[in-house]
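This report describes one protein model with a ligand, moving from terms and numbering to the ligand shell, the sheet and a helix.

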Amino acid sequence: MSPTDPVLRATGLSAGYGGADVVRDIDLDLVAGSAPVGVVGESGAGKSTIVRALVGVVRPTRGHATYAGRTVSKLSRRDKKTFRAEVRRVAQDGLVGVDPRWTVDRTLSAALTEARKAGRASGRSVAGLLADVALEPRYAPRTVHSLSGGEKQRLALAVALATRPRALLLDEPLTAVDPAMRGDVVRRLHDATRELGTAVLLVSHDLELVERLCPTVHVLADGTFVSSGPLREVLAGSAAGSDHPSVRALAQAAPLAAQRFR
Ligand SMILES: Nc1ncnc2c1ncn2[C@@H]1O[C@H](COP(=O)(O)OP(=O)(O)OP(=O)(O)O)[C@@H](O)[C@H]1O
């Protein structure tokens, strides 16, 4: 695979539930080392469904998701293991599969050991991972269940970073992190993913967060990407497709953000 080939690609991807498509004809490239890509759109538009289809949790009804050129839904058992280490999804409810009785230190040490076994060692330490998500060293001896919602979300990001992922799919990753803290976390996450060469997809309602991290965004409406470009241009109405009613509604629903970007 050449460095400019997409790690993850959706081509004409349609997917949904119970035989009804929620998203249609989605084209998306995530290239290692390139800038993060954002997806915004109203609640229920299908943003999470795109992420689920990219990781193979939801099977496309048309088109496909490919990982390093291979169809995600047809990966062999062995390739799936590599896929899970190299493509990490962090959703709102964050810490899936983590024992809440473990300490933060043990959780991250275990993630680093797994990464080494998978040949994905990043050279990071527990302290480095904590710093990547703006958690202070004093959190290391704390048990996972004692953390606040926002701290758990940051720990989930640190666990994902431990495997030096080729792609990180972030689905509302910082909803519980207080707004004052969010900027710092985003800055550090941005630096860490750039250093690791990780391709990032960010799905969020938080336009400020998307604007900070993603030079390019796609607006999802009626199951398809109706407008794409820098968020500033999308909200100001000067990007391709940004005269779509759903894009105008998005700009109106976020008047402060739209004003900031004007
Ligand atoms: N497991 C499921 N079975 C049936 N329908 C589902 C399932 N998961 C999601 N849906 C429906 O698919 C549509 C898209 O859901 P999805 O979670 O992808 O939207 P979203 O844009 O991420 O929404 P939000 O911003 O509120 O998280 C919604 O109408 C939702 O009710």
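## Terms and basis

A residue is called buried if 20 or more other C-beta atoms lie within 10 Å of its own, exposed if 12 or fewer, and partly exposed in between, with C-beta atoms placed from the backbone. Helices (H or I, at least four residues) and strands (E, at least two) are DSSP runs, numbered from the N terminus.

The model is predicted, and local features need pLDDT of at least 70, side-chain atom pairs count only at pLDDT 80 or more, while totals for chains, interfaces and linings use all residues. Residues are numbered from 1 along each chain as its sequence is written.

## Helix α5

Helix α5 covers residues 149–161, and 11 of its 13 residues are buried. These buried positions are Glu151, Lys152, Gln153, Arg154, Leu155, Ala156, Leu157, Ala158, Val159, Ala160 and Leu161. At 1.5 Å a residue the helix should span 18 Å (1.5 Å times one less than its number of residues), which agrees with the 19 Å between its end C-alpha atoms.

## The open sheet

Six strands form an open sheet of mixed pairing, in the order β6-β7-β8-β3-β9-β10, where two strands pair if DSSP finds at least two bridges between them. Strands β6 (87–90) and β10 (224–229) stand at the edges with a single partner strand each, so one side of each is left without a neighbour in the sheet.

Strand β7 (residues 167–171) has 5 of its 5 residues buried; Ala167, Leu169 and Asp171 point one way, whereas Leu168 and Leu170 point the other way. In a regular strand the side chains alternate between the two faces of the sheet. Strand β7 runs parallel to β6, joined by 4 bridges, with Val90 partnered by Leu170, and β7 also runs parallel to β8 (residues 199–203) through 5 bridges, where Leu168 stands opposite Val200. Strand β9 (residues 216–221), by contrast, pairs with β10 in the antiparallel sense over 5 bridges, and His218 has Ser228 as its bridge partner.

## Ligand shell and annotation

The residues around the ligand (C-beta atom, placed from the backbone, within 6 Å of it) are Tyr17, Val22, Gly41, Ser43, Gly44, Ala45, Gly46, Lys47, Ser48 and Thr49. Helix α1 (residues 47–54) supplies the largest share of this shell, 3 residues.

In an unreviewed entry, UniProt lists residues 8–247 as "domain: ABC transporter", and such annotations may be inferred rather than shown by experiment. In the model, that span is 36% helix and 25% strand, and its end C-alpha atoms lie 26 Å apart.
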